[in-house]
Each structure stands twice: as structure tokens, then as C-alpha cells.
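Okay, thanks for coming, everyone. I'd like to walk you through one structure today, strand by strand and then out to the odd spots. Have a look at it first.

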Amino acid sequence: MIVLGVDPGLAALGYGVITVEGKRMTARTHGVFRTKRRPGLSVGRDLTIRIGELARAFEALLDEQHPEAASIEEFRFYGKAVTSSLQVANVVGMLREALRAHGVPVAEYSAQDIKRAVTGYANAEKVQVQKMVKLQLAMAELPKPEHAADALAAAITHACRLPMLRATGGAR
């Protein structure tokens with residue numbers, strides 16, 4: 001099975017694709033799609049352009065990798081940084097729609113659930129996540145950048161939960 005993990009963001013959207021064969025997981029690809037603010041444009045127009053760039057890159061990834069399941073790091077809003085939170089919420093909406101259009105079932109996990117699943121500790125540091133992702137996927141080097149490592153961790157989390165989800169009727 002091919003599982004896609006996503007760490008959503010407007011400036012940096014991390015992605016990681018893994019192959020799951022029995023209990024063995026291997027990394028297929030990972031990286032980050034980046035966008036930059038365009039001075040002189042209204043916030044709304046800039047957001048539209050940047051989400052369009054991310055959508056095209058994400059669609060190309062879906063067409064290339066053909067994931068059978070996807071996992072997104074859950075977006076949570078805590079009342080701070082309202083503008084950036086709304087921007088990330090728009091990115092998450094785009095991701096959900098792209099995955100729906102490709103027929104890819106998607107699950108969402110909190111950052112703490114992902115850290116707990118990968119490291120055993122919900123408040124793990126970024127480098128701990130990177131080290132455990134490297135170990136679990138038998139990678140030669142730490143996955144970089146951090147957004148890509150977080151996306152691989154999201155994919156690992158979902159892959160580990162798939163058997164239970166299937167048993168309870170929660171996944172295809």
C-alpha cells in the first residue's frame with residue numbers, strides 16, 4: 001500500500017510518501033513545496049495565487065505517486081496568529097478536495113498523536129521525530145527538511161493505524 005503524509009502550510013507544505021508491505025515501511029519520496037509572498041498584492045489575491053501553486057504541485061504528486069491512503073497533520077486554531085491560521089485552513093481545504101477528487105481516503109491526526117505514534121512521546125522535539133522516522137523507514141540519512149520529516153511521520157502514523165481502522169470498518 002502507498003500512504004501519503006502531509007504537513008500543511010502555505011509557505012512550506014511538507015509531503016512524504018511511503019510504501020507499506022506487511023509490517024515493513026519504506027520511504028518512496030519526500031520534500032517540501034514552497035511558496036513566497038508577493039509584495040504589492042492584496043492578502044486575498046496573494047493567497048489565491050499561492051494556494052493555486054500548491055494545488056498544482058500537489059496534484060502532480062498525486063498523479064505521480066498514486067497513494068491509496070493519506071494522512072494530514074491536523075490543523076488546530078488556538079486564537080493566535082489569526083491571518084496565518086486562516087491561510088493554513090485554506091491550504092487544508094485544498095488538500096482535502098484534491099484527495100477527494102482523486103478518490104484517496106484521508107485521515108487527520110494531531111501533532112501530538114503523530115509524535116506519540118512515531119517516538120512514543122507526545123511532546124517530542126523535531127530532531128527526535130526525524131531520528132525515529134529515519135529508523136522506522138530504514139533511511140540512510142535524517143529526512144530533511146523538518147516539514148518533510150513531519151509528513152513522513154504522519155504517513156507512518158496512518159500506516160500503523162490502518163489494520164485497526166480496517167478491523168473496525170473505519171478504512172477501506
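Let's start with a pair of residues: Ala12 stands opposite Arg34 in strand S3. Before I go on, keep in mind that this is a predicted model. That pair belongs to a longer ladder, where S2 and S3, residues 24-34, run antiparallel and share 10 bridges. The two strands make a hairpin with two residues between them, and in the turn Gly22 has a positive phi of about 65 degrees.

Now to the strands that run parallel. S4 pairs with S1 in the parallel sense, over four bridges, and Val3 has Ala69 as its bridge partner in S4. S4 is also joined to S5, residues 106-109, by four bridges, again parallel. There, Ala70 finds its bridge partner in Val106 of S5.

So how many residues of S4 are buried? Five of its five, and the strand is mostly covered. If you follow the side chains, Ala69, Ser71 and Glu73 point one way, while Ala70 and Ile72 point the other way, and all of them are buried.

Next door in S1 sits Val6. Val6 counts as buried because its relative accessibility is 0%, and the cut-off for buried is under 20%. What does Val6 touch, apart from neighbours within four places in sequence? The contacts are Leu13, Gly14, Phe58, Ser71, Ile72, Glu73, Leu95, Ala151 and Ala154. Ile72 is worth a second look: the C-alpha atoms of Val6 and Ile72 are separated by 4.7 Å, with their positions 66 residues apart along the chain.

On to the cores. In soluble globular proteins, nonpolar side chains tend to be buried together. Here the largest nonpolar core has 22 residues, and Leu4, Phe58, Val91, Leu95 and Leu99 are those with the most contacts inside it. Which elements give two or more residues to this core? They are strand S1 (2-7), strand S2 (12-21), helix H1 (43-65), strand S4 (69-73) and helix H2 (82-101). H1 gives the most, with six residues. There's also a second, separate core of 21 residues, with Ala107, Ile114, Leu137 and Ala159 among them.

Let me zoom in on one residue of the largest core. Leaving out neighbours within four places in sequence, Val91 is in contact with Pro8, Gly9, Leu10, Leu13, Ile51 and Leu54.

While we're talking about helices, Asp46 is in H1. Is Asp46 buried or exposed? It's buried, because its relative accessible area is 2%, where the cut-off is under 20%. Beyond its neighbours within four places in sequence, Asp46 is in contact with Lys36, Arg37, Arg38 and Leu41.

Then there's Ala148, in helix H5, residues 146-167. With a relative accessible area of 0%, Ala148 is buried too. Its contacts, again without the neighbours within four places in sequence, are Gly14, Tyr15, His30, Gly31 and Val32. Ala148 and Leu54 are 94 residues apart in sequence, and C-alpha to C-alpha they are 15 Å apart in space.

Now the pocket. The largest one has a volume of about 290 Å³. It is lined by 15 residues, and the closest to its centre are Glu73, Glu74, Phe75, Arg76 and Ala111. You'll recognise Glu73 as one of the buried residues of S4. By class, the lining comes out as six nonpolar, three polar and six charged residues.

Last stop, the backbone oddities. Where is the cis peptide bond? It joins Lys144 and Pro145, with omega at about -5 degrees, and Pro145 sits in the loop between helix H4 (126-136) and H5. Ala138 is in the loop between H4 and H5 as well. Although it is not a glycine, Ala138 has a positive phi of about 50 degrees. Ala138 is exposed, because its relative accessible area is 68%, and exposed means over 50%.

His66 is another non-glycine residue with a positive phi, near 50 degrees. You'll find His66 in the loop between H1 and S4. With a relative accessible area of 54%, His66 counts as exposed.

That's my tour, and I'm happy to go back to any part of it.

Definitions and conventions. Residues are numbered from 1 along each chain as its sequence is written. This is a predicted model: local features need pLDDT of at least 70, side-chain atom pairs count only at pLDDT 80 or more; totals for chains, interfaces and linings use all residues. Side-chain values use heavy atoms; hydrogens and water are left out. On a 1 Å grid over the protein atoms alone, a cavity is a set of points where a 1.4 Å probe fits but cannot get out, and a pocket is an open set with protein on both sides within 12 Å along at least five of seven lines; lining residues have an atom within 4 Å of a point. Grid points are joined across faces, edges and corners, and a volume is the space filled by probe spheres set on the points. Ala, Val, Leu, Ile, Met, Phe, Trp, Tyr, Cys and Pro count as nonpolar, Asp, Glu, Lys and Arg as charged, and the others, Gly among them, as polar. A nonpolar core is a set of buried Ala, Val, Leu, Ile, Met, Phe, Trp, Tyr and Cys residues joined through side-chain atoms within 4.5 Å. Buried means under 20% relative accessible area, exposed over 50%, partly exposed in between (1.4 Å probe, protein chains only). Contact means heavy atoms within 4.5 Å. Two strands pair if DSSP finds at least two bridges between them.
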